[in-house]
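User: I'd like a close look at one part of this protein, the place where the first two domains meet, and then a walk outward from there to the rest of the chain. Could you take me through it in a connected way?

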Amino acid sequence: MKLFNFFKTELAIDLGTANTLIIQDGKVVVDEPSIVAMDRRSNEVIAVGRKAMQMHGKTHENIKTIRPLRDGVIADFQAAESMIEGMISMMNHKKKLFGYMKMVVCIPSGITEVEKRAVFDSADHVDSKETYLIHEPMAAALGIGLDVEEPVGNMIIDIGGGTTEIAVIALSGIVCDQSIRIAGDEFTMDIMNYMKRQHNILIGERTAEQIKINVGSALHDLETPPEDYPVNGRDLMTGIPKQIKVSYGEIAHALDKSISKIEDAVLKALENTPPELASDIYKTGLYLTGGGALLRGLDKRISQKTKLPVHVAEDPLRAVVRGTGIALKNSDRFSFLIDRNSI
Ligand SMILES: Nc1ncnc2c1ncn2[C@@H]1O[C@H](COP(=O)(O)OP(=O)(O)OP(=O)(O)O)[C@@H](O)[C@H]1O
Ligand SMILES: [Mg+2]
């Protein structure tokens, strides 16, 4: 048994629309964008993660870049498996894993049975011998450090790349949840459209994301405003590259509608919360996580809208994978983990 354990690899995987993270032995060993670059003719993988991202928007006819997940779920299974394989081999210095592999993979709460089965199949294909799934909001709650087993309600708002998931968790279960397809990717699209409409300048997805990170804002009046940000793009009138500067106020304007939709979903989730849990949430407030939680002023804006305290999780981009790692260590105890036989 000892020898057997020696060869045991245990992985916790957050397969996100924007980022894939893997924890092994309590440490984050992979933290890469969810993207793969492939040869268009042979379908061979050329690069995964950050390296593939650098090629995104700059490919020629022989290379394609694929983001295998859309709206939180796997949209291209073959590409997703190639990506996971590439990332696993990345962490093992190109050596193939051998021995016994156990995995916990997190999934969006709205996923169908067919989609769950497909995730199990993908895990089999990358040689996992023991696979469990965990719902993302549950993983986020664990990662934030909440005691999910207590008879106390907590509301988690996870704003990722593809989806915003809002869930109330108590007694090891998800009591109610809302999932909308408005999150980081949509914010990025909003910025691309705004630049085109307002400034007649065409920018790519990567540039728009950089604008969001550098001068993104949910409020028009920030206490500590970021400096205006220089943006390079192509002038739609002349066709020539040009540079302009954008302010956080402009981006707050560009993102306003999408953020309102998230606010509406939060209000709806609060409305659907059973009263005993609502009274817990009144006391504890809301927990914000996922990359979107980093948007300037978003916590304040949601707090103003709901009149509830809003807490931003520590290191929000890693809360879900941290929680998935905790689930991996407690897989014999946590009843909310899903195994193949339970679907
Ligand atoms: N500082 C920042 N300000 C605003 N947005 C940010 C910031 N940093 C990252 N993001 C955005 O967060 C998103 C990624 O978040 P995260 O890694 O939580 O998503 P994901 O888990 O991959 O997606 P999903 O959970 O929807 O499948 C991206 O859209 C990214 O642009
Ligand atoms: Mg996520």
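**From the domain boundary outward**

Analyst: Happy to. The protein chain has 11 helices and 18 strands. Please keep in mind that this is a predicted model.

Let's start with the overall frame. Along its principal axes, the C-alpha trace spans about 70 × 55 × 30 Å. The radius of gyration of the protein chain is 21 Å, which agrees with the value near 20 Å that a compact globule of 343 residues would have. Of those 343 residues, 44% count as buried. If you take the contacts between residues at least 6 apart in sequence, 65% of them join residues at least 24 apart.

Now to the domains. The domain assignment divides the chain into domain 1 (2-139 + 320-342), domain 2 (146-182 + 259-316) and domain 3 (184-254). Between the C-alpha centres of domain 1 and domain 2 there are 26 Å. Where the two meet, 17 residues of domain 1 are in contact with 17 residues of domain 2. On the domain 1 side, strand E7 (69-70) and helix H5 (136-144) are the elements that give two or more residues. H5 provides the largest share, with 3 residues. By character, that side of domain 1 consists of 7 nonpolar, 7 polar and 3 charged residues.

H5 is the part to look at most closely. Is this helix enclosed or open? All of it is buried, 9 of 9 residues, so H5 is largely enclosed by the rest of the structure. Going along the helix, the buried residues are Glu136, Pro137, Met138, Ala139, Ala140, Ala141, Leu142, Gly143 and Ile144. Just after H5 comes Gly145, which takes a positive phi of about 100°.

From H5, let's move to the strands at the start of the chain. Strand E1 (residues 9-15) has 5 of its 7 residues buried, so E1 too is largely enclosed by the rest of the structure. E1 has pairings with two strands described here. With strand E9 (residues 101-107), E1 runs parallel and is joined by 5 bridges; in that pairing, Ile13 stands opposite Val105 in E9. With E2, E1 runs antiparallel, again through 5 bridges, and Leu15 has Thr20 in E2 as its bridge partner. E1 and E2 form a hairpin, with 3 residues between them.

The chain then turns again. Strand E2 (residues 19-24) pairs in the antiparallel sense with strand E3 (residues 27-33) over 6 bridges. Within this pairing, Leu21 has Asp31 in E3 as its bridge partner. The hairpin of E2 and E3 has 2 residues between the strands, and Asp25 takes a positive phi near 50° there. As general background, strands of a sheet pair through backbone hydrogen bonds, either parallel or antiparallel.

For a contrast with H5, have a look at Asn62, which lies in the loop between helix H2 (50-55) and strand E6 (63-66). Asn62 is exposed because 11 other C-beta atoms lie within 10 Å, and the cut-off for exposed is 12 or fewer. Leaving aside neighbours within four places in sequence, Asn62 is in contact with Asp39, Arg40 and Arg41. Asp39 is 23 residues away from Asn62 in sequence, while the C-alpha to C-alpha separation is 5.9 Å.

Further along the chain there is an open sheet of 3 strands, in the order E14-E15-E16, with antiparallel pairing. Its edge strands are E14 (201-202) and E16 (241-246), each of which pairs on one side only. E14 runs antiparallel to strand E15 (residues 229-235), and 2 bridges join them. Leu202 has Arg234 in E15 as its bridge partner.

Last stop, the ligand. Which residues are closest to ligand 1? Of the 22 residues that surround ligand 1, the closest are Gly16, Ala18, Gly160, Gly184 and Gly291. Helix H6 (184-199) and helix H7 (205-215) are the elements that give two or more residues to this shell. H7 contributes the largest share, 3 residues. The shell divides into 6 nonpolar, 13 polar and 3 charged residues.

Technical notes:
Residues numbered from 1 in each chain as written. Chains lettered and ligands numbered in written order. Predicted model: local features only at pLDDT ≥ 70, side-chain atom pairs only at ≥ 80, totals over all residues. Domains from an automatic or database assignment. Contact = placed C-beta atoms within 7 Å. Helix = DSSP H or I, 4+ residues; strand = E, 2+ residues; numbered from the N terminus. Nonpolar A, V, L, I, M, F, W, Y, C, P; charged D, E, K, R; others polar. Pairing = 2+ DSSP bridges. Rg over C-alpha atoms; globule rule 2.2 N^0.38 Å. Buried ≥ 20, exposed ≤ 12 C-beta atoms within 10 Å, placed from the backbone. Near = placed C-beta within 6 Å.
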